[in-house]
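Let's take a walk through this fold together, starting from the inside and working outward. Have the viewer open and follow along as we go.

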Amino acid sequence: RNTKLPPGPIPLPIVGSLLKLGSKPNESLAQFAQLYGPLMTLQLGSLTTLVVSTATMANQLLLKHDLIFSGRTVPDSVRVLRHQESSVVWMPPNPLWRSLRTLLNTQIMTVQRLDANIALRRAKVQKLVSHVGDCSVTQREVDIGRAGFITILNLISNTVFSVDLADLGSPAEEAQEFKDVVLGILEEAGKPNVSDYLPFLRWMDLQGVRRRSIGYFEKLHHLFDEMIDGRLRDRSSGGYSRRGDFLDVLLDQNEEKGFQLKRHEVKALLADIFVAGSDTSSATIEWAMAELLRNPHTMSMVRSELKEAIAKGKQVEESDIARLPYLQAVVKEALRLHPPVPLIPHRAESTVEICGFTIPKYTQVIVNAWAIGRDPNVWTNPTCFLPERFLHSKLDFKGQDCQFIPFGAGRRICPGSPLAFRMVHLSLASLLHSFAWKLPNGMLPEGMNMDDKFGITLQMEAPLLAVPVQE
Ligand code: HEM
């Protein structure tokens with residue numbers, strides 16, 4: 001052990017402290033931090049790992065030493081079909097990564113671009129409302145996570161390709177398959193994988209993670225090839241009317257502006273958008289609904305705000321969100337307590353001195369956003385769901401203050417937050433404005449299972465079922 005590293009548990013031979021992580025590493029790491037401090041070292045197999053557990057330390061790493069800690073340790077599950085070489089999520093901070101980030105920030109996630117397909121997203125949320133309306137007629141339970149995930153996939157696929165790729169009602173086979181492929185990639189990436197901690201065993205792919213992951217990525221690439229080829233054919237035929245979606249922007253960049261993205265780079269970017277954007281956004285909707293069902297007073301507050309701001313029977317619009325401060329506070333509070341990415345992965349790109357410790361180049365870094373959101377030194381009643389705490393606070397999603405970092409902070413901060421903001425608020429507001437909600441089978445709020453299940457995203461352990469009531 002390098003004595004200049006921050007303190008941490010004494011590692012066992014070979015596996016280090018891997019076995020101590022248990023099934024909820026966010027929680028066990030938070031407990032270790034009580035013993036070893038806000039900056040600690042864990043040996044996970046052969047990976048030396050620095051764990052950051054407070055806002056002050058996160059400020060040091062993600063803001064003050066942003067450039068140094070802007071790398072990622074790449075899991076084996078995404079070392080497939082050269083994905084890691086051109087994925088904006090997993091690439092080191094190299095020139096291609098910088099160009100892709102600039103493209104995302106200046107051409108894709110802009111107000112103007114997102115406004116261009118408001119109507120398509122509106123139609124998808126209307127589909128969700130009518131599906132829930134059908135359930136309300138027969139008092140059928142809605143699986144909020146599933147309905148949210150499918151809706152978000154369609155919101156993203158319409159923003160990117162102007163088509164639906166999933167189906168809420170009776171499943172068209174292709175639509176079903178797309179959903180399963182995205183879920184499959186997330187599941188493989190979320191599994192603890194021996195290949196990541198003991199790289200000398202990587203070639204054996206003992207758990208079959210890489211093999212399955214290749215299958216999922218191949219399907220995704222096949223679908224993206226079809227989309228790109230179809231669009232190129234349309235664009236070269238006379239009378240093409242621009243859709244103005246992300247795919248048009250990406251192809252324009254290459255054709256007109258000389259931004260030479262190769263096809264595998266375009267496909268990696270599309271995969272990133274679907275994989276990074278779907279489960280994160282739908283988990284936020286599900287957790288927010290769960291917290292509202294568990295806190296009936298908060299539910300009535302948010303519904304009253306909606307009733308006052310939007311006439312009965314009128315659909316919620318993206319432009320209404322600015323007039324719904326309580327709804328926005330509900331979403332922030334759900335993200336504080338249940339950050340969809342509980343452990344944010346980074347990597348030191350060079351050796352650096354921090355707080356008297358020496359952190360060697362290529363140390364894996366984990367920022368425990370879950371622990372930071374529940375730090376009792378920063379938040380009063382940290383485990384209570386109290387949206388009011390955000391009502392008169394300047395804290396937002398921009399990562400300027402590491403006290404609240406559901407989207408990360410620094411140069412690797414989530415570039416998709418403008419789209420996530422619209423999708424999450426619009427879907428949640430529509431579910432709440434159109435229906436009252438009750439728990440199934442006379443269940444009481446206190447009886448709800450609010451446990452989480454750790455993975456690359458933090459999901460509810462038991463799917464949230466709720467019965468919509470038309471008012
Ligand atoms: C509620 C929804 C979302 C949450 C909570 C979320 C959270 C995050 C977090 C924590 C990171 C890592 C930041 C860091 O390393 O400091 C990230 C990165 C990323 N997110 Fe999101 N995200 C969401 C939605 C989206 C959406 C909708 C998209 C795309 C359409 C997206 C695309 C990305 C990409 C491409 C990265 C990698 C950026 C990089 O490494 O440079 N995310 N997100």
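What follows is a tour of a predicted model, from its cores and helices to a few residues in loops.

A good place to begin is the interior. In general, nonpolar side chains of soluble globular proteins tend to be buried together. Here the largest nonpolar core has 87 residues, and Ala-288, Met-289 and Leu-428 have the most contacts inside it. Helix 12, residues 263-294, gives the most to this core, with 16 residues. A second, separate core has 36 residues, including Met-40, Ile-366, Phe-397 and Ala-409.

Click on Leu-428 to see how the larger core is knitted together. Leaving aside residues up to four places away in sequence, Leu-428 touches Ile-285, Ala-288, Leu-327 and Val-331.

Now turn to helix 12 as a whole. How many of its 32 residues are buried? The count is 27, so helix 12 is largely enclosed by the rest of the structure. Its length also agrees with expectation, because 32 residues at 1.5 Å a residue should span 46 Å and the end C-alpha atoms are 47 Å apart.

Helix 10, residues 209-236, makes a nice companion to look at. Its 28 residues reach 40 Å from the first C-alpha to the last, close to the 40 Å expected at 1.5 Å a residue. The buried residues of helix 10 are Val-209, Arg-210, Ser-213, Tyr-216, Phe-217, Leu-220 and Phe-224. When you look at such a list, it helps to remember that an α-helix has 3.6 residues a turn, so residues three or four places apart point the same way.

Some of those helix 10 residues have a partner in helix 8, residues 173-190, where you will find Ile-185. Ser-213, Tyr-216 and Phe-217 are among the residues that Ile-185 touches, and Val-275 is another, not counting residues up to four places away in sequence. Is Ile-185 buried or exposed? It counts as buried, because it has 27 C-beta neighbours inside 10 Å and the cut-off for a buried residue is 20 or more. For a sense of scale, the C-alpha atoms of Ile-185 and Ile-108 are 24 Å apart in space, with their positions 77 residues apart in sequence.

Next, look at a pair of helices. Two packed helices are described by the angle between their axes and the distance between the axes. For helix 6 (residues 118-137) and helix 16 (residues 417-434), the axes come within 10 Å and cross at roughly 35°. This crossing is right-handed. On the helix 6 side, Arg-121, Val-125, Leu-128, Val-129 and Val-132 take part, meeting Leu-426, Ser-427, Ser-430, Leu-431 and Ser-434 of helix 16. Six of the residues in this contact are nonpolar, three are polar and one is charged.

Finally, visit the loops. Most residues other than glycine have a negative phi. Cys-355 has a positive phi of about 50° although it is not a glycine, and it sits in the loop between strand 5 (352-354) and strand 6 (357-359). Cys-355 counts as exposed because it has 12 C-beta neighbours inside 10 Å. Tyr-362 also has a positive phi, near 70°, and lies in the loop between strand 6 and strand 7 (364-368). With 14 C-beta neighbours inside 10 Å, Tyr-362 counts as partly exposed.

One last stop is Arg-323, in the loop between helix 13 (296-309) and helix 14 (325-337). Arg-323 is partly exposed, with 13 other C-beta atoms within 10 Å. Its C-alpha lies 7.1 Å from that of Ala-309, although the two are 14 residues apart in sequence.

Key: Residues are numbered from 1 along each chain as its sequence is written. This is a predicted model: local features need pLDDT of at least 70, side-chain atom pairs count only at pLDDT 80 or more; totals for chains, interfaces and linings use all residues. Axes are lines fitted to C-alpha atoms, for helices over the stretch in contact, and angles run from 0 to 180 degrees between N-to-C directions. Helices (H or I, at least four residues) and strands (E, at least two) are DSSP runs, numbered from the N terminus. A crossing is left-handed if the near helix is turned anticlockwise from the far one by less than a right angle, and right-handed if clockwise. Two residues are in contact if their C-beta atoms, placed from the backbone, lie within 7 Å. Ala, Val, Leu, Ile, Met, Phe, Trp, Tyr, Cys and Pro count as nonpolar, Asp, Glu, Lys and Arg as charged, and the others, Gly among them, as polar. The expected span of a helix is 1.5 Å times one less than its number of residues. A nonpolar core is a set of buried Ala, Val, Leu, Ile, Met, Phe, Trp, Tyr and Cys residues joined through C-beta atoms within 7 Å.
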